[in-house]
Amino acid sequence: MMGIADYHMHSVLSDGQNSYEEMVLASIAKGLDEIGFSDHVCLKPVEWAIRIEDIPVMTSQIIDLKFKYEGQIKIKYGIELDYFPGREDELKDLIESIPLDFVIGSVHFIGNWNFDSDQSMYGKWPNDKLYTKYFQLVQRAARSGLFDIIGHLDIIKKFRVYPETNQDLLFEDTLKIIKEHNLVVELNTGGLDHPCAEFTPGPKLLELCYKYNIPVTLSSDAHRTAQIARHFEMALEVLAQTGYKEITGFNNRTRRIIRL
Ligand SMILES: [Zn+2]
Ligand SMILES: [Zn+2]
């Protein structure tokens, strides 16, 4: 696992189970070269995100660890930020107030419905319509210019909810917008442990990402030390089969190539 970077992990400051330092030590033990923290930041008050007033604590803890473990592992400071249409100015101010290396933009809400934790509204719309609503939000997130990485691109499939008809056009439109706005997509291996039992994006969507020449980060979405770099051997195989020869890293919101 040498030389590999895991660019999506949570700590006790949001909904993870370990401290940043525990995550760092476990990452070093796994032989990772680089990690990116990405605790949840959400403008809506939810129990799974860091409280806005605690952001300075997150910043100082990560900066301390960057120096403490310099020479052993590269530590990057990111957040997983919920996208809400119409609140771009607030999101922009928030991002600019934090010394971040990268920002993952994730869609976890359709309106007020937190669809990746609350299953109660599935079936309210035909699945095709649900997919359209979700991917239109992803498109708006990409167009907003706020983010570096689109988080778990097809997380709407989490509970094995799939469109009734072929949605390739919707997927391709979304990827064109992601490419036009110079974003990276993460290959999030956490999806394999959800009911959908595949990475996000899944193999077909990842092939489309490659077709549109969209760079990728590698991410475990770890919420505890045992999940760090989960399924990365398989992910590296999938990336190689798809054609990817490199992944992306970030420094101070500037992209860097990491050869595989
Ligand atoms: Zn997420
Ligand atoms: Zn996450």
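What radius of gyration would a compact globule with 260 residues have, and what does the protein chain have? The globule would be near 18 Å and the protein chain has 17 Å, which agrees. (The radius of gyration is taken over C-alpha atoms, and the globule rule is 2.2 Å times the number of residues to the power 0.38.)

Before you click around, know that this is a predicted model: local features need pLDDT of at least 70, side-chain atom pairs count only at pLDDT 80 or more, and totals for chains, interfaces and linings use all residues. Residues are numbered from 1 along each chain as its sequence is written, while chains are lettered from A and ligands numbered from 1 in the order in which they are written.

**The whole chain**

Start zoomed out. Along its principal axes, the C-alpha trace spans about 50 × 40 × 30 Å. Switch to cartoon and you'll have seven helices and eleven strands to look for; these are DSSP runs numbered from the N terminus, helices being H or I with at least four residues and strands E with at least two. Buried residues make up 42% of the 260. Here a residue is buried if 20 or more other C-beta atoms lie within 10 Å of its own, exposed if 12 or fewer, and partly exposed in between, with C-beta atoms placed from the backbone.

**The sheet**

Now pick out the open sheet: seven strands in the order S1-S2-S3-S4-S7-S8-S9, with parallel pairing. Strands S1 (5–9) and S9 (216–219) are at the edges with a single partner strand each, so one side of each has no neighbour in the sheet. (Two strands pair if DSSP finds at least two bridges between them.)

Select S1 and walk across. Three bridges join S1 to the parallel strand S2, residues 34–41, and Asp6 sits opposite Ile35 in S2. Next door, S2 and S3 pair over eight bridges, again in the parallel sense; find Phe37 and its bridge partner in S3, Tyr77. To get from S2 to S3, the chain goes through helix H2 (residues 55–68) in a right-handed β-α-β crossover. Right-handed means that, with the strands pointing away from the viewer, the path from the first strand over the helix to the second runs clockwise.

Stay on S3 (residues 74–82): is it enclosed or open? Eight of its nine residues are buried, so S3 is largely enclosed by the rest of the structure. On to S4 (residues 102–106), which runs parallel to S3 and is joined to it by five bridges. Ile79 stands opposite Val103 here. Helix H3 (residues 88–96) completes another right-handed β-α-β unit with S3 and S4.

**The other half of the walk**

Jump to S8, residues 184–188, where five of five residues are buried. Colour its two faces: Val184, Glu186 and Asn188 are on one side, Val185 and Leu187 on the other, and all are buried. S7 (residues 149–150) joins S8 in parallel through two bridges, with Ile149 opposite Val184. Helix H5 (residues 168–180) carries the chain from S7 to S8 in a right-handed crossover.

S8 also pairs with S9, in the parallel sense over four bridges, and Val185 has Val216 as its bridge partner. The link from S8 to S9 passes through helix H6 (residues 203–211), and this crossover is right-handed.

**Into the core**

Show Val138, Ile150, Val185, Cys209 and Leu218 as sticks: of the 67 residues in the largest nonpolar core, these touch the most other members. (A nonpolar core is a set of buried Ala, Val, Leu, Ile, Met, Phe, Trp, Tyr and Cys residues joined through C-beta atoms within 7 Å.) Helix H4 (residues 127–143) gives the most to this core, with six residues.

**Backbone oddities**

Finish in the loops. Most residues other than glycine have a negative phi, and most peptide bonds are trans.

- Select Thr200 and Pro201: the peptide bond between them is cis, with omega near 0 degrees. Pro201 is in the loop between S8 and H6.
- Select His152, in the loop between S7 and H5. Its phi is positive, about 20 degrees, although it is not a glycine. His152 is buried, with 27 other C-beta atoms within 10 Å.
- Select Asn213, in the loop between H6 and S9. Phi of Asn213 is positive too, near 60 degrees. Asn213 is exposed, with 8 other C-beta atoms within 10 Å.
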